[in-house]
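User: I am new to this structure and would like to understand the words used for it. Could you take me through them?

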Amino acid sequence: MKRLSYHFIGIGGIGMSAIAQVLREQGQVVSGSDRNYDINISPGVFSKLLAQGISVHPQDGSGIKEDTDYVVISSAIEEDNQDIKRARFGNKKIIRRANLLAEMFNPMNGIAIGGTNGKTTVSCMVGYILDYAGLSPTIIVGGCIKNYVNTFHLGNAKAGRSNIITIEADESDGSIVLYTPSISVITNVSKDHKTIEEISEMFVTLSQNTRDTLIINADCPYLKKINFQHKNIVTYGLHSNATIGAKHIINKLFQSSFTVDGHSFEINVPGIYNISNALAAISVARCLNISNDTIAGALRQFKGVQRRMDIVGKIDGVVVIDDYAHNPEKVKAALNAVKLSYKRIIAIFQPHGY
């Protein structure tokens with residue numbers, strides 16, 4: 001089979017870099033450009049991509065070669081970008097990140113994790129549990145799994161040897177409707193990049209596209225209102241009469257324990273919301289017949305996701321925590337987690353978006 005050559009415009013992005021690393025690990029030729037690379041922002045990201053054999057170029061069109069087969073773009077790339085202009089001039093095939101991911105995902109035994117909040121952590125937990133269990137999945141997620149972060153790897157991707165692939169399915173750009181998973185998870189619905197009505201419609205489409213099992217959060221009031229017409233629905237929850245529920249919950253800031261059907265589990269990540277995330281991951285693992293002992297061992301060793309309640313410094317009794325929370329529900333969850341251990345909290349919020 002001919003090796004294909006892919007050029008990613010905006011390769012430093014969390015979603016773009018994940019696919020790029022998997023394709024490179026699978027033996028394809030991968031290159032990319034990024035405006036942050038041009039102005040020396042986040043040099044560590046690009047040094048790790050370079051260490052994996054991915055060539056990184058200035059975003060001036062020079063990275064697109066005669067033998068480039070595909071030029072990959074995300075929704076953050078404008079039409080007047082020099083790389084896009086060069087690609088169009090050279091009649092290169094331009095493909096969106098989500099469409100490329102769907103092409104990689106849909107022929108395989110796929111697990112798609114969607115939801116307005118929690119999907120990054122759940123998808124990271126699921127990927128790590130499956131890998132820990134020896135199933136050798138391909139993992140493509142929107143956060144860096146701390147267990148996988150090292151000198152060469154960002155931690156947001158892993159190429160597996162099996163036909164199992166697990167991804168974080170994003171609703172913010174509408175691309176979630178492109179995937180046809182064997183198992184899908186919907187963590188919750190709340191207003192974020194789109195209205196609740198728009199997001200709900202996309203999740204209904206995802207459920208219709210799901211071949212085997214649909215896993216939904218029974219605690220989410222908006223999900224309760226959606227009439228999912230699926231033959232095999234598994235529910236999870238902290239407060240409701242769910243298929244998979246938690247009992248004997250002990251919730252601390254950076255460590256919690258609970259039981260599911262009499263089996264003990266422990267997580268070393270913060271907040272009550274991460275117990276809910278763990279229940280979602282347990283639901284997926286049980287669908288794949290992974291034993292409770294193996295799931296528990298994986299969750300105990302799971303170190304969490306970068307920029308999700310990261311302690312970045314301590315000085316004179318002051319603890320500085322970095323978190324990616326960027327909508328009201330996420331901010332509330334982060335603050336509630338911190339309130340378990342600290343009385344005085346100063347919060348600094350950075351609005352962002354391209």
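User: Which helix gives the most to the lining of the second largest pocket?

Analyst: Helix α5, residues 97–105, does, with 3 residues in the lining. Keep in mind that this is a predicted model. The pocket has a volume of about 190 Å³. There are 11 lining residues, and the closest to the centre are Leu 4, Tyr 6, Leu 23, Gln 28 and Met 104.

User: What makes a residue count as part of that lining?

Analyst: A lining residue has an atom within 4 Å of a point of the pocket. By class, the lining has 8 nonpolar, 2 polar and 1 charged residues.

User: Let's turn to the helices. Why is α6 called oblique to α9?

Analyst: Helix α6 (residues 119–132) and helix α9 (residues 272–287) pack at an angle of about 45°, and their axes are 9 Å apart. Under 35 degrees would count as roughly parallel, and 65 to 115 as roughly perpendicular. The angle fits neither range, so α6 is oblique to α9. Their crossing is right-handed.

User: Which residues make the contact of α6 and α9?

Analyst: From α6 come Thr 121, Val 122, Met 125, Val 126 and Ile 129. From α9 come Asn 274, Asn 277, Ala 278, Ala 280, Ala 281, Val 284 and Ala 285. By class, this contact has 9 nonpolar, 3 polar and no charged residues.

User: How do you know that α9 and α10 are oblique rather than roughly antiparallel?

Analyst: The axes of α9 and helix α10 (residues 292–301) cross at roughly 140° and come within 11 Å. Roughly antiparallel needs an angle over 145 degrees, while roughly perpendicular ends at 115. The crossing angle of α9 and α10 meets neither condition, and therefore the two are oblique to each other. This crossing, too, is described as right-handed.

User: What meets what between α9 and α10?

Analyst: Ala 278, Ile 282, Ala 285 and Arg 286 in α9 meet Asn 292, Ile 295 and Leu 299 in α10. The contact has 5 nonpolar, 1 polar and 1 charged residues.

User: And why are α6 and α10 called oblique?

Analyst: They pack at an angle of about 125°, with axes 9 Å apart. The roughly perpendicular range runs from 65 to 115 degrees, and roughly antiparallel starts over 145. An angle of about 125° falls outside both, so α6 and α10 are oblique to each other. The crossing of α6 and α10 is right-handed.

User: Which residues of α6 and α10 make their contact?

Analyst: Met 125, Tyr 128, Ile 129 and Tyr 132 of α6 do so with Thr 294, Ile 295, Gly 297, Ala 298, Leu 299 and Gln 301 of α10. They divide into 7 nonpolar, 3 polar and no charged.

Notes. Residues are numbered from 1 along each chain as its sequence is written. This is a predicted model: local features need pLDDT of at least 70, side-chain atom pairs count only at pLDDT 80 or more; totals for chains, interfaces and linings use all residues. Side-chain values use heavy atoms; hydrogens and water are left out. On a 1 Å grid over the protein atoms alone, a cavity is a set of points where a 1.4 Å probe fits but cannot get out, and a pocket is an open set with protein on both sides within 12 Å along at least five of seven lines; lining residues have an atom within 4 Å of a point. Grid points are joined across faces, edges and corners, and a volume is the space filled by probe spheres set on the points. Helices (H or I, at least four residues) and strands (E, at least two) are DSSP runs, numbered from the N terminus. Ala, Val, Leu, Ile, Met, Phe, Trp, Tyr, Cys and Pro count as nonpolar, Asp, Glu, Lys and Arg as charged, and the others, Gly among them, as polar. Axes are lines fitted to C-alpha atoms, for helices over the stretch in contact, and angles run from 0 to 180 degrees between N-to-C directions. A crossing is left-handed if the near helix is turned anticlockwise from the far one by less than a right angle, and right-handed if clockwise. Contact means heavy atoms within 4.5 Å.
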